[in-house]
Amino acid sequence: MKQSFRRASTDGTWAAIQAHGSPLAVAISEPDRGIYDALNKGIARSTGDVIGFLHADDIYAHDGVLARVAQAFTDPSVDAVYGDLLYVSKDDTSKVIRHWKAGAFSRRKLSRGWMPPHPTLYVRRAVYSRIGGFDTAYRIAADYDFVLRLFSQPDLRTVYVPEVLVKMRVGGASNRSVRNVLRKSGEDLKALRGNRIGGVGALMWKNLSKLGQFL
């Protein structure tokens, strides 16, 4: 495991990486300008043909997740693969709070606020090279901006894996406080308009569509 000497993490993450690291992994701890700056660094340093992210406090739903994703990418024409997500209790990952079923993609869904769960999204490196990474001008919604940019590509080929790929503990940056929720909505609207997908109507559809995920 390769390690940088610029260590910025102070929450025990570094010790956990050292304890469970793989010789195939590259671990770097250094100051950054937020979540999306760190993700862009990961994209720049990665060497594989397909890129995905597993964020802190997220876990794969089962041992075969990466095999399912890899199987979908055996078709060389596929650009992106995604699946479903469970929001789970921070203290008990068997307790489901919200079930996000993404469903198959169609372009008309974008204007109704549709997006796949970003923690389940895997994208070919060549696509990142073509459309760019995360816009760090967004503090909370750069993943949504990226998804809109990605799924607006005219010849994009995607595969939806109809099963839960990731469990995400509740309490992420976008829903940590009322202030963050309001900021997220403002950034979502900016992303919708910036990518010429829609406006307030699409944002309303996006937020309303989440209600059924709690049932």
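1. Aspartate 57 is a reasonable place to start in this predicted model: with a relative accessible area of 36%, aspartate 57 is partly exposed, and its position is in the loop between β3 and β4 (58-60). Its phi is near 80 degrees, a positive value in a residue other than glycine. As background to that remark, most residues other than glycine have a negative phi.

2. A second residue to inspect for its backbone is arginine 196, which has a positive phi of about 55 degrees although it is not a glycine. Arginine 196 belongs to the loop between α7 and α8 (200-208), and it counts as exposed because its relative accessible area is 80%, where the limit for that class is over 50%.

3. As to the overall layout, the chain contains 8 helices and 8 strands, and 39% of its 215 residues count as buried. The accessible surface of the chain is about 12,100 Å², with 55% of that area belonging to carbon and sulfur atoms. When contacts between residues at least 6 apart in sequence are considered, 67% of them join residues at least 24 apart.

4. The largest nonpolar core comprises 48 residues, and those with the most contacts inside it are Leu121, Val123, Tyr128, Phe134, Phe146, Leu150 and Phe151. Helix α6 (residues 142-151) supplies the largest share of this core, namely 7 residues. In general terms, nonpolar side chains tend to be buried together in soluble globular proteins.

5. How many of the residues of α6 are buried? The count is 10 of the 10, so α6 is largely enclosed by the rest of the structure. The buried residues of α6 include charged types as well as nonpolar ones, among them Asp143, Asp145 and Arg149 beside Phe146, Val147 and Leu150.

6. Valine 123 deserves a closer look within the core: leaving aside neighbours within four places in sequence, valine 123 is in contact with Asp49, Val50, Ile51, Phe73, Asp79, Ala80, Tyr128, Phe146 and Leu150. Two of these partners, Tyr128 and Phe146, also appear in an aromatic cluster that is formed by Tyr36, Phe53, Tyr128, Phe134 and Phe146. The count of aromatic pairs comes to 11.

7. In helix α2 (residues 35-45) the buried residues are Tyr36, Asp37, Leu39 and Ile43. These residues lie on the same side of α2, because they cover an arc of only 160 degrees around the axis. The cover over the buried residues of α2 includes β3 (50-52), α5 (125-131) and α6.

8. Two placements of a charged group over an aromatic ring can be checked in the model. Arginine 112 lies over the face of tryptophan 205, at 4.0 Å from the ring centre, while the charged end of lysine 206 sits over the ring of tyrosine 144, 4.7 Å from its centre.

9. Two further helical residues may be taken together. Lysine 190, in helix α7 (residues 178-194), counts as partly exposed at 47% relative accessibility, and its C-alpha atom is separated by 8.6 Å from that of aspartate 145, although the two residues are 45 apart along the chain. Threonine 13, in helix α1 (residues 13-20), likewise counts as partly exposed, at 35% relative accessibility, and the C-alpha atoms of threonine 13 and alanine 56, which are 43 residues apart along the chain, are separated by 8.7 Å.

Terms used
Residues numbered from 1 in each chain as written. Predicted model: local features only at pLDDT ≥ 70, side-chain atom pairs only at ≥ 80, totals over all residues. Heavy atoms only, no water. Core = buried A, V, L, I, M, F, W, Y, C linked by side-chain atoms within 4.5 Å. Buried < 20%, exposed > 50% of the residue type's maximum accessible area, 1.4 Å probe, protein only. Helix = DSSP H or I, 4+ residues; strand = E, 2+ residues; numbered from the N terminus. Contact = heavy atoms within 4.5 Å. Arc of directions from axis to C-beta. Areas by Shrake-Rupley, 256 points an atom, 1.4 Å probe, with all protein chains shown as cover. Phe/Tyr/Trp six-rings, centres within 6.5 Å; stacked < 30°, edge-to-face > 60°. Lys NZ or Arg CZ within 6 Å of the ring centre and 35° of its normal.
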